[in-house]
Protein chains: 2
Amino acid sequence: MRKPYWIWHPGAFELYHSMLLHNRRTSAKTVEVGKEIKRISAYYPPMWRIDCPCHNAELMKRATVDKEEVIELFSNTEDCAIRVDGKKYPKNVKITLAPGEHTVELMGFKAQTFPAFYVTGDVFKSDRTYITYNNNNEPNRHAGWSELYREPEDNVEIFKFSYKRLDPVLIKKENGGILYDFGKEVFGKIVIENARDGEYLLSLGESYEEALDTEYCQICVNALVRNGEFTFVPVALRYIFVPKTDTPLDIFLDFEYLPLESRASFSCDDELVNRMWNVCKYTMLLNSREGFFDGIKRDRWVWSGDAYQSYFVNYYLAFDKEIVKRTIRMLRGAEPMLKHINTISDYTFYWLCSIWDYYFYTGDKDFVCDIYPDMLSVLSFVEGRLSPDGMFERKPDDWVFMDWSTFDPAGPICAEQMVLCKAYDGVSKCAALVGDEKTAVRAEKQRDYIKEKINERYWCEDKGAFVDDYTTGRENVTRHANIFAILFDLTSEERKKKILENVIYNKEITPITTPYFEFYELDAMCRIGDFKYMTDMLHSYWGAMLDLGATTIWEEFDPTKKGIEHYEMYGGKYEKSLCHAWGASPIYLLGKYALGVYPTCAGYTEYEVKPSLMSFGKIEGTVPTPKGNVTVKMDKERVSVQSELEGGVLVLGDKRYRIEKNKELTVNF
Amino acid sequence: MRKPYWIWHPGAFELYHSMLLHNRRTSAKTVEVGKEIKRISAYYPPMWRIDCPCHNAELMKRATVDKEEVIELFSNTEDCAIRVDGKKYPKNVKITLAPGEHTVELMGFKAQTFPAFYVTGDVFKSDRTYITYNNNNEPNRHAGWSELYREPEDNVEIFKFSYKRLDPVLIKKENGGILYDFGKEVFGKIVIENARDGEYLLSLGESYEEALDTEYCQICVNALVRNGEFTFVPVALRYIFVPKTDTPLDIFLDFEYLPLESRASFSCDDELVNRMWNVCKYTMLLNSREGFFDGIKRDRWVWSGDAYQSYFVNYYLAFDKEIVKRTIRMLRGAEPMLKHINTISDYTFYWLCSIWDYYFYTGDKDFVCDIYPDMLSVLSFVEGRLSPDGMFERKPDDWVFMDWSTFDPAGPICAEQMVLCKAYDGVSKCAALVGDEKTAVRAEKQRDYIKEKINERYWCEDKGAFVDDYTTGRENVTRHANIFAILFDLTSEERKKKILENVIYNKEITPITTPYFEFYELDAMCRIGDFKYMTDMLHSYWGAMLDLGATTIWEEFDPTKKGIEHYEMYGGKYEKSLCHAWGASPIYLLGKYALGVYPTCAGYTEYEVKPSLMSFGKIEGTVPTPKGNVTVKMDKERVSVQSELEGGVLVLGDKRYRIEKNKELTVNF
């Protein structure tokens, strides 16, 4: 018999943990207090509304039991009850259900967190089949649940991380103090033991230079050791520097992490690329927590555009459905939607895109059904702000981000219209999936309309490219819209060819500087089969970062910078994140285009393996799917595929070979 | 210098305490647990959505200081900061502001409750002048605050009640146990001291019969005495019965109450009426807490229709603005509004009415400005559900309450349209007050339109009355719509005359059975000058209740019932509330129509005193106003008025006398 789940009002768990995590950031600033100049760590909230979970919940289920069944309610609150066929019982009481139809209602309140329920039993055990029934005119929804909480003694208020002790790999005297080096970027609680009581300054650094710079490091801790001990909240660091001392402390890190099972692998005959793949993997895992974070040092917030890319990397790494669902719910927040997700218009559009992608990789229709009312509400928010002719229009309070790049600042930029168009595509497909034909047809029409208008208005025949803006006459060309035109298939083959020549391969067009947008550029290039563009970039960009000693991928990288210039961003000497999830794209790119594995039907019921050696002599690796792993080996003589699932086809040029489940298929060239 | 206020995101304080109070109800039921039959008190939530406060808050103020000023932030959360001209400081730090313009921002997060701030200083001390600036596209609003929290050591998370020890006035052996009688209805924590350790059954009763009926009493407590002591959460009761014992316990009650200063008084030469006035006052005060409650035993919830009447009684009793504002905010809840207030359509309309009434009695324009965006949102909810011709239309999930009475069940009843019409009147006046001319004009037009349609459709010339429904042909006449027609002045004088004859004075039309609607009937009758109708009712209805030993006014009263039949309601033997706020209307009626004091301009800047002896030989009493008290004495020879405020006129028939401030005015007949 399957175990019950802890259940709650849908979204409550995600909103609760989202609220906590988004309020954990602090930043150290130097301020004058009285006559003293002090370095103070202050609370630093996000600039968007942080929603909170419902503190009341009511869930119910009606079903028939064939044989007598004993059920019992567990809950994290005293203010709760289970009503069986109209009779109310408290928790922790065994209730016998006779064969026949029954109605079970769960109700609870918890002011400080959110109420959750766990019901033992067979038919009536707690799971997604319970639905909300509270009297608030919202659609009736399935209960919220998580694979992480299946035992009656679980505490849903504490996020289930794992912990592991990490000691410094190097302790040495430096600059009149002691430097502790953990060997690579880590995240966890700082613990000091067996120390003399007193106050110690800990200067933390993702880089060696930051740790030693006690005046400008982003996080410095005044560690008050009492009874020989001290513990600090989890932070990201590689180095700890304790100035003005020559006695080493007994310092270690209680490494905190989400125990994701990484089922993927990749190796080739290029050692730099192998090393890079592992650094990308580690970067990704450090940022995979309650949800997908942007960077593990600075924000530790959930940003929709960043997360959208993490989803794709995840489908080629841990294939953890749970974290994708949690992230999508955290980003969505609660009603009413009054502002774009993270305040950024494109981030709202990516959110809409992400749900169909999630379904296409996982085949999890339940989640699409559960989140669909939220999609409609986002769509309604978006449509309430379109221009009279149904296109994106920038409102005074919208942040149109797109990328850290310079766009024509006048009006709605072309790339933004393209993400909106792609969002309509996602909405249309999800609507069709859940049986909302009306919305499906309407969204599809709107998608086609926007595509047509983009081609009509933003294409500049002189430049042979899409321009940022068609109203200013400036005809400013950036890579972004032109990349999307290829990636999202938004224009004719003829125009795509012109784009390659006039934009992508044109060195005069400002190159992409963030790994963020590099993701889309390389994805587009791989899609058209130009793998060299990608493998060159792996060397010149990711490889160059590794050459500088990066143990995780940075937020941004400019090879022309030197020394600590690399760590500067947003006006802070060390404000750049040196462990940023959006740099992990090689995992996705190599899995999808080198190993060549991707679904052609939702949930990998059908899939193709279309491997490519790219610039490598041989490649080997595994791609996870919801139904098992697919392992691909290729060199110049042969390719072999070993798969744990049905429905696969190996594609080599115009030849197609059926892949049998659990039977190695080898094709010699 | 005025003290600072504790401030918070507007509404957070009210939503927080509303959430707690609405989740405190329990009800005792007899259920089978295993092989045992047990009486169990179970959690009992309301049937409407309970909203929670924002757990994040951001408030700011920009101002100029003429001389150096030192400010300091206090907060109930560690996750907070004060940013002065862009520089962030933690709490409990003194910050010096040089003369000149400054910007002070407060930000905070508290997951378990809500963040609150207290800033010392002069210009920048915390008060309503701070405004919200969080990035969520809501209108910028003034900070929330309360007169109750003015000291830095105050805890806004604990509602400021007062406490007083009450001992039983009588302890006697009864039915094989001990009965404790507190002499009248009380509310507080039950405390047992110096007892032998063990479990004691406490059977509580608002009535003697309920306490003795251990099987059916609404609340019974299994008191587990440990170390000689036991304390129970606050409950309402007059009697405690402990069965199967002959040793009295050391039991007392820690009476919990809001320390309202009652500035009003009333006395006359009818002792029953004097007694009744005091019982009404006590009933009202017991139900005046975080907000105005319906009844102190059973729900202890805030209901909009009930509260609407409590506001009027309050204007003639304690004149506490704070509790009215708190109640209005609690009822409103948070966005999005998806269902009527308390799920009842008329209760939403009364909410809209209540704000203009509040302004008219108090003159507090600030509050109208603060709540106005919420009014607009309620209006938009209401208008989104009107029929195509702009009238009220019952939706499947609407509870159209109006009164515990039998109406034509077919469609929207006439009385409902009339409250909607009155609501438009209130909206129109508030809109004009805050300078929203467009809404003012539109709402006024809509009010006139509905009034016209009511007279066109619901008036039945045959019956000489308004009928419940005009579509069924049943021509059912109830008192309710006809009372409103008079009270809200919704029809011609000619039709009003017909209503009096055919409905009000017609004994064949079912009489009103609840003190709730009796409020409106008597208000209407007083308005047309038929005071006898009211004083007769005071005797036959309120007087009869007192004759049965009531120490507070009951939820409902039917003189034809006998014994414990009086306590039965909603299918429970003792479920009726014996202390229900809506019975306190005589305080309002006698203050407004006997003492005759009422504002003619908002906030009593102008007012009239139009006293009437009614059926009494003499009357004497005081009515509170925002600017001081007005005391009126009248007998058959003379009337005298002593007032602490300007702007008064004594009206006697068609004669008018100016009332000078603080100078007794006496007129002999």
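Helix axes here are lines fitted to C-alpha atoms over the stretch in contact, and the angle between two of them runs from 0 to 180 degrees between N-to-C directions. With that in hand, and bearing in mind that this is a predicted model, begin the tour at a pair of helices in chain B.

Select helix α4 (residues 304-315) of chain B together with helix α14 (residues 585-594) of chain B, whose axis comes within 8 Å of that of α4(B) and crosses it at roughly 45°. An angle of that value makes α4(B) oblique to α14(B), and the crossing of the two is left-handed. To see the contact itself, display B:Gln309, B:Phe312 and B:Val313 on α4(B), and B:Ser585, B:Ile587 and B:Tyr588 on α14(B). By residue class, this contact is made up of four nonpolar and two polar residues, with no charged ones.

Keep α4(B) selected and add helix α5 (residues 321-332) of chain B, which packs against α4(B) at an angle of about 170°, the two axes lying 11 Å apart. Because angles over 145 degrees count as roughly antiparallel, α4(B) and α5(B) are described as roughly antiparallel to each other. Their crossing is left-handed. On the α4(B) side, the residues to display are B:Ser304, B:Ala307, B:Tyr311 and B:Asn314, and they meet B:Ile323, B:Val324, B:Thr327 and B:Leu331 of α5(B). Five of the residues in this contact are nonpolar and three are polar, while none is charged.

Next, bring both chains into view. Chain B is superposed on chain A by a rotation of 180° with 0.0 Å of shift along the axis, at an RMSD of 0.0 Å, which is the relation of a two-fold axis. To locate that axis from the side of chain B, select B:Gln112, whose C-alpha is the nearest to the axis in that chain, at 2.0 Å.

Now select the interface, where 42 residues of chain B are in contact with 42 residues of chain A. On the chain B side, the elements that each give two or more residues include α1 (12-21), β2 (26-33), β3 (36-43) and β9 (100-109). The chain B side divides into 22 nonpolar, 10 polar and 10 charged residues. Since 100% of the interface residues of chain B are also interface residues in chain A, the copies meet through the same surface.

Finally, colour chain A by domain: domain 1 covers 7-145, domain 2 covers 162-257, domain 3 joins 261-342 with 515-594, domain 4 joins 345-400 with 406-511, and domain 5 covers 597-668. Between the centres of domain 1 and domain 4 of chain A, taken over C-alpha atoms, the separation is 36 Å.

Terms used
Residues numbered from 1 in each chain as written. Chains lettered and ligands numbered in written order. Predicted model: local features only at pLDDT ≥ 70, side-chain atom pairs only at ≥ 80, totals over all residues. Domains from an automatic or database assignment. Helix = DSSP H or I, 4+ residues; strand = E, 2+ residues; numbered from the N terminus. Parallel < 35°, antiparallel > 145°, perpendicular 65-115°, else oblique. Left-handed = near helix turned anticlockwise from the far one by under 90°. Contact = placed C-beta atoms within 7 Å. Nonpolar A, V, L, I, M, F, W, Y, C, P; charged D, E, K, R; others polar. Least-squares fit on C-alpha atoms with pLDDT ≥ 70 in both.
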